Amino acid sequence: MACPPAAQSSPPRQPSVKVILASADVQRVVDRIAHQILEKTQGAADTVLLGIPTRGAPLARRLAARISTFEDVDVPVGVLDITLYRDDLRRHATRAVGPTQLPPGGIDGKRVILVDDVLFSGRTVRAALDALNDVGRPASVQLAVLVDRGHRELPIRADYVGKNIPTALTESVKVTLAETDGADEVKLFGGITS
């Protein structure tokens with residue numbers, strides 16, 4: 001009597017990875033946001049850029065450099081640490097508190113543009129607004145993000161968006177920058193390939 005053939009196991013399915021923005025695309029997006037800031041702020045007068053660590057800080061510096069290149073305007077840049085203002089501190093491992101570095105002229109009475117890499121639920125921006133409240137009183141606050149992936153949990157909208165990427169909740173967006181990761185790229189992880 002013949003034995004039935006052994007069941008063949010299929011190879012494990014791997015999550016798909018799609019490059020959304022390559023290095024040159026990231027540069028074009030940063031340039032576009034810089035132009036939008038210049039246009040919407042009448043030449044970036046009384047404007048301060050505050051980057052939200054980790055990748056928002058180098059993005060803020062890049063935007064300031066591009067604005068300077070385009071219009072010969074020096075926009076003050078700072079870093080706003082939001083660690084102690086996050087609402088998920090109890091659910092995640094302890095994070096190191098980073099320094100908040102305000103530009104020499106401060107932020108009081110200025111237009112502050114918060115800069116971050118990805119806008120998702122809006123909770124990071126809410127934490128940034130709380131942190132900002134403790135370091136000064138800006139005239140207005142705007143938001144610039146490299147990527148908006150949707151799925152907001154709070155009523156927060158970006159004023160400057162490099163790229164809108166429709167995503168599923170099961171997907172994730174990963175931004176890498178030369179300053180922090182060695183290369184510029186935006187990837188979408190998710191879905192399953194066979």
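**Figure 1. The charged end of R149 sits over the ring of F120.** The distance from the charged end to the ring centre is 4.0 Å. K40 lies over the face of Y160, at 5.3 Å from the ring centre. A charge sits over a ring if NZ of Lys or CZ of Arg is within 6 Å of the ring centre and within 35 degrees of the ring normal. How many aromatic pairs does a search of the whole structure find? The search finds 0. Rings of Phe, Tyr and Trp (its six-membered ring) pair if their centres lie within 6.5 Å; planes under 30 degrees apart count as stacked, over 60 as edge-to-face and the rest as tilted.

This is a predicted model, in which local features need pLDDT of at least 70 and side-chain atom pairs count only at pLDDT 80 or more, while totals for chains, interfaces and linings use all residues. Residues are numbered from 1 along each chain as its sequence is written, and side-chain values use heavy atoms, with hydrogens and water left out.

**Figure 2. The chain has 4 helices and 8 strands.** Helices (H or I, at least four residues) and strands (E, at least two) are DSSP runs, numbered from the N terminus. Read the elements from the N terminus on: β-α-β-α-β-β-α-β-β-β-α-β. The chain has 194 residues, and 41% of them are buried. Buried means under 20% relative accessible area, exposed over 50%, and partly exposed in between (1.4 Å probe, protein chains only). Now take the contacts with a separation of 6 or more. Residues 24 or more positions apart account for 71% of these. Contact means heavy atoms within 4.5 Å.

**Figure 3. V175 is found in strand β7.** The strand covers residues 172-176. Is V175 buried or exposed? V175 counts as buried, because its relative accessibility is 3%. L146 is 29 residues away along the chain, yet the C-alpha atoms of V175 and L146 are separated by 8.8 Å. Leave aside the neighbours within four places in sequence. V175 is then in contact with R55, D117, V118, L146, D181, E185 and V186.

**Figure 4. R111 is buried yet has no salt bridge.** A salt bridge is a side-chain nitrogen of Lys or Arg within 4 Å of a carboxyl oxygen of Asp or Glu. Which side chain of opposite charge is nearest to R111? It is D46, 6.9 Å away. Lys and Arg count as positive and Asp and Glu as negative; His and the chain ends are not counted. R111 lies in strand β4 (residues 111-119). Its side chain reaches the backbone oxygen of A45 at 3.0 Å. The R111 side chain also makes a polar contact with the side chain of T47, at 2.7 Å. A polar contact is a pair of N or O atoms within 3.5 Å; within protein, one must be able to donate a hydrogen and the other to accept it, and residues adjacent in sequence count only if both atoms are side-chain atoms. Beyond four places in sequence, the contacts of R111 include T41, Q42, V48, S140 and Q142.

**Figure 5. Salt bridges form within one helix and between distant parts of the chain.** The whole structure holds 10 salt bridges. In one of them, D25 meets R28 at 2.3 Å, N to O. Both residues lie in helix α1 (residues 23-40), 3 residues apart, about one turn of the helix. Elsewhere, the side chains of D31 and R66 meet at 2.6 Å, N to O. This pair links distant parts of the chain: D31 is in helix α1 and R66 in helix α2 (residues 56-71), 35 residues apart. D31 counts as buried at 17% relative accessibility. R66 is partly exposed, at 23%.

**Figure 6. R55 forms a salt bridge with D181.** The closest N and O atoms are 2.9 Å apart. R55 lies in the loop between β2 (47-51) and α2, and D181 lies in helix α4 (residues 178-181), so the pair ties together parts 126 residues apart in sequence. R55 is buried, with a relative accessible area of 17%. D181 counts as partly exposed at 33%. Another view shows R62, E179 and D184, linked in a network of salt bridges.

**Figure 7. Backbone angles to look for in loops.** The peptide bond from P53 to T54 is cis, with omega near 15°. T54 lies in the loop between β2 and α2. Q42 is not a glycine, yet its phi is positive, near 50°. Q42 sits in the loop between α1 and β2 and is exposed, at 62% relative accessible area. H151, also not a glycine, has a positive phi of about 65°. H151 belongs to the loop between β5 (140-148) and β6 (160-164). It is partly exposed, with a relative accessible area of 29%.
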